Amino acid sequence: MSTHTPGPWSVFSGTNEVRADNCKWGNNWPVADALGHDLDEIEANARLIAAAPELLEEIECVNVKLPYGILEQVRSAISKAKGSAE
């Protein structure tokens, strides 16, 4: 079972904050602040962070359909995302 704040996450308008849209603590619960060298980089980092729960869910669905070499890399990335990396 995952222990991260469940998604969906989104970038809070006009800020670098990533917030959970529907979590047990209420809407717009902050989960991360994106950083970067300029506004474009900060916004891109925030979008990437906000997509993390959905990306993890999707890759978990398709990882069994991948060739073995790629499958091991994907499983390693899933483990890192879940905090159980080797």
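## A small tour of a β-β-β-α-α chain

Pro 8 is found in the segment before β1, and that makes a handy place to begin. The model you are looking at is predicted. Its protein chain holds 2 helices and 3 strands, and from the N terminus on these elements run β-β-β-α-α. Let's walk through them by topic.

**Before the first strand**

- The peptide bond that leads from Gly 7 to Pro 8 is cis, and its omega is near 5 degrees.
- For background, most peptide bonds are trans, and most residues other than glycine have a negative phi.

**The sheet**

- The 3 strands form an open sheet in the order β1-β2-β3, with antiparallel pairing.
- Its edge strands are β1 and β3, because each of them pairs on one side only.
- From one strand to the next, the twist averages 35 degrees.
- As a reminder, strands of a sheet pair through backbone hydrogen bonds, and the pairing can be parallel or antiparallel.

**From β1 to β2**

- Strand β1 covers residues 9-11 and strand β2 covers residues 17-20; the two pair in the antiparallel sense over 3 bridges.
- One bridge to look for joins Trp 9 to its partner in β2, Ala 20.
- Together β1 and β2 form a hairpin, with 5 residues between them.
- In the turn of this hairpin sits Gly 14, which has a positive phi of about 75 degrees.

**From β2 to β3**

- Strand β3 takes in residues 29-33 and pairs with β2 over 4 bridges, again in the antiparallel sense.
- Two partners in β3 are worth finding: Pro 30 is the bridge partner of Arg 19, and Asp 33 is the bridge partner of Glu 17.

**A closer look at Trp 29**

- Trp 29 has its place in strand β3.
- Is Trp 29 buried or exposed? The label that fits is partly exposed, because its relative accessible area is 37%, which lies between the 20% and 50% cut-offs.
- Trp 29 and Thr 5 are 24 residues apart along the chain, and their C-alpha atoms are separated by 9.1 Å.

**The two helices**

- Two packed helices are described by the angle between their axes and the distance between the axes.
- Here, helix α1 (residues 39-62) and helix α2 (residues 68-81) pack at an angle of about 145 degrees, and their axes are 11 Å apart.
- The crossing in which α1 passes α2 is left-handed.
- Which residues of α1 and α2 meet? From α1 come Leu 56, Ile 59 and Glu 60, and they meet Val 74, Ile 78 and Ala 81 from α2.
- Sorted by class, this contact of α1 with α2 has 5 nonpolar residues, 1 charged residue and no polar ones.

**Helix against sheet**

- Helix α1 also lies across β1, β2 and β3.
- Relative to β1, α1 runs at about 170 degrees.

**The chain as a whole**

- The protein chain has 86 residues, and buried residues make up 17% of them.
- Among contacts between residues at least 6 apart in sequence, 23% join residues at least 24 apart.

**How confident is the prediction?**

- The mean pLDDT of the protein chain is 80, and 88% of its residues reach 70 or more.
- Where is confidence lowest, and where is it highest? The lowest is in α2, at a mean of 81, and the highest is in β1, at 88.

Technical notes
Residues numbered from 1 in each chain as written. Predicted model: local features only at pLDDT ≥ 70, side-chain atom pairs only at ≥ 80, totals over all residues. Heavy atoms only, no water. Axes fitted to C-alpha atoms, helices over the stretch in contact; angles between N-to-C directions. Left-handed = near helix turned anticlockwise from the far one by under 90°. Contact = heavy atoms within 4.5 Å. Nonpolar A, V, L, I, M, F, W, Y, C, P; charged D, E, K, R; others polar. pLDDT = per-residue confidence, 0-100. Buried < 20%, exposed > 50% of the residue type's maximum accessible area, 1.4 Å probe, protein only.
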